[in-house]
Amino acid sequence: TEAAPDAQYTDIRYEKDGAGIAKITIDRPEVRNAFRPKTLIDVGDALERAREDQEVGVIILCGEGPHAFCSGGDQNVRGDTGYIEEGASVGRFHVTDLQVQMRRLPKPVIAMVAGYAIGGGHVLHLCCDLTIAADNARFGQTGPRVGSWDGGFGASLLRDLVGPKKAKEFWMLCRQYDAQQALDMGLVNTVVPLERLEEETVAWCREMLALSPFALRLVKSSFHAHEDGYAGIQQLAHDANLLFYGAPEAQEGRDAYKEKRTPDFSKFPRRA
Ligand code: 2NE
């Protein structure tokens, strides 16, 4: 892989393999890849870069090292008003925007999990489309232990994956679950030995890269149309609109407007 030449990130690395895969690595292993606001700003920027890059078809999100994917919000920068960005006086939850960005991004995002996916880090893997786990992966929520929770995607996506009782167990007991347990409960797609994690993840990415990119986009937005309510429907609807703009029927409407004439839709079938 090669780093993007103009990358100015402090908390992540952004790499491309030149064959359709972008990899975003949270690079704070000294705190088990916990995220501070700058980390999330960097990830968001890298996701946008991958989205805009027509060479990129699939995005891998992972953490540096074998010990952690991500351990959630960095408790060292947690203030009384949220997580506080360097130089800011008031905190916020930058992760809210990132979660939505991951859901809306019209390319598959794959979590590659070695070690801990805990707290807000666990929710990041939930927001990914697929999760490939190493055999040393451990999953769990810690919110109520540290005075926090994620009742949005952290509750709803988890419930959808493992069922309401199990999801409440995650949140109400703050236990950890190993990779095999995660696989058994449908939380991850596959488990492989740690040393094969990247190879397997890349193989899954290449399988997707051989498929129709627009069909994959529609698959993703179709799932989210229901799950994400009006925002999900909007994504799917505008994805359909993207296709419609290429059709003569839609072009007749645009052209008539520009030519200041009444549109003639009579030649277009009223399809059954
Ligand atoms: C992740 C876990 C289970 C790893 O345990 P272990 O034993 O492998 O490592 P250790 O020694 O706990 O951690 C290594 C170093 O990383 C720091 C630790 O404090 C330790 O630092 P030193 O003692 O070496 O100086 N570290 C780890 N996670 C950190 C974190 N999140 N913030 C700051 N420093 C961290 C274990 O470390 C663990 O349980 N970590 C805490 C997980 C956690 O509670 N995360 C926050 C949940 S709340 C959240 O993420 C959130 C939300 O609920 C809503 C919105 C946004 C975020």
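Biologist: Which helix does Q181 lie in?

Modeller: Q181 lies in helix α7, which covers residues 179-184. The model is a predicted one.

Biologist: What makes Q181 partly exposed?

Modeller: The relative accessible area of Q181 is 37%. Buried means under 20% and exposed means over 50%. The value of 37% fits neither class, so Q181 is called partly exposed.

Biologist: How far apart are the C-alpha atoms of Q181 and D97?

Modeller: They are separated by 30 Å, and the two residues are 84 places apart along the chain.

Biologist: Where does V188 lie, and why is V188 called buried?

Modeller: V188 lies in the loop between α7 and β11, the latter being residues 190-192. Its relative accessible area is 6%. The cut-off for buried is under 20%, so V188 is called buried.

Biologist: Which residues does V188 touch, not counting residues up to four places away in sequence?

Modeller: V188 touches H125, T131, A133, F139, A179, A182 and L183. The C-alpha atoms of V188 and V113 are separated by 9.5 Å, with the two positions 75 residues apart along the chain.

Biologist: V113 belongs to strand β6. Why is β6 described as largely enclosed by the rest of the structure?

Modeller: Strand β6 covers residues 109-113, and 5 of its 5 residues are buried, so the strand is largely enclosed by the rest of the structure.

Biologist: How do you know that both faces of β6 are covered?

Modeller: In a regular strand the side chains alternate between the two faces of the sheet. On one side of β6 are V109, A111 and V113, and on the other are I110 and M112; all of these are buried.

Biologist: What makes β4 and β8 partners of β6?

Modeller: Two strands pair if there are at least two bridges between them. Strand β4, residues 58-63, is joined to β6 by 4 bridges. Strand β8, residues 130-134, is also joined to β6 by 4 bridges. Each count meets the cut-off, so both strands pair with β6. The β4 and β6 strands run parallel, and β6 and β8 run parallel as well. As for single positions, L61 has A111 as its bridge partner in β6, while V113 stands opposite A133 in β8.

Biologist: Why are β5 and β10 called edge strands?

Modeller: An open sheet is formed by 4 strands in the order β5-β7-β9-β10, with mixed pairing. The strands β5 (68-70) and β10 (176-178) each pair on one side only. From one strand to the next, the twist averages 20°.

Biologist: How do you know that β9 and β10 pair?

Modeller: Strand β9, residues 138-140, is joined to β10 by 3 bridges, and the two run antiparallel. At least two bridges are needed, so β9 and β10 count as a pair. One of the contacts between them is the bridge of G140 with Q176 in β10.

Biologist: Which residues of α6 are buried, and what do they pack against?

Modeller: In helix α6, residues 164-173, the buried residues are A167, E169, F170 and W171. The buried residues of α6 pack against α3, β9, α4, α5 and β10.

Biologist: What is notable about phi of C174?

Modeller: Most residues other than glycine have a negative phi, and most peptide bonds are trans. Phi of C174 is near 55°, a positive value in a residue other than glycine. C174 lies in the loop between α6 and β10.

Biologist: K260 also has phi near 55°. Why is C174 called buried and K260 exposed?

Modeller: C174 has a relative accessible area of 8%, and buried means under 20%, so C174 is called buried. K260, in the segment after α11, has a relative accessible area of 77%, and exposed means over 50%, so K260 is called exposed.

Biologist: What makes H94 buried?

Modeller: H94, in helix α2, has a relative accessible area of 14%, which is under 20%, so H94 is called buried. Leaving aside neighbours within four places in sequence, H94 is in contact with P37, L40, I41 and E85.

Conventions:
Residues numbered from 1 in each chain as written. Predicted model: local features only at pLDDT ≥ 70, side-chain atom pairs only at ≥ 80, totals over all residues. Heavy atoms only, no water. Axes fitted to C-alpha atoms, helices over the stretch in contact; angles between N-to-C directions. Buried < 20%, exposed > 50% of the residue type's maximum accessible area, 1.4 Å probe, protein only. Contact = heavy atoms within 4.5 Å.
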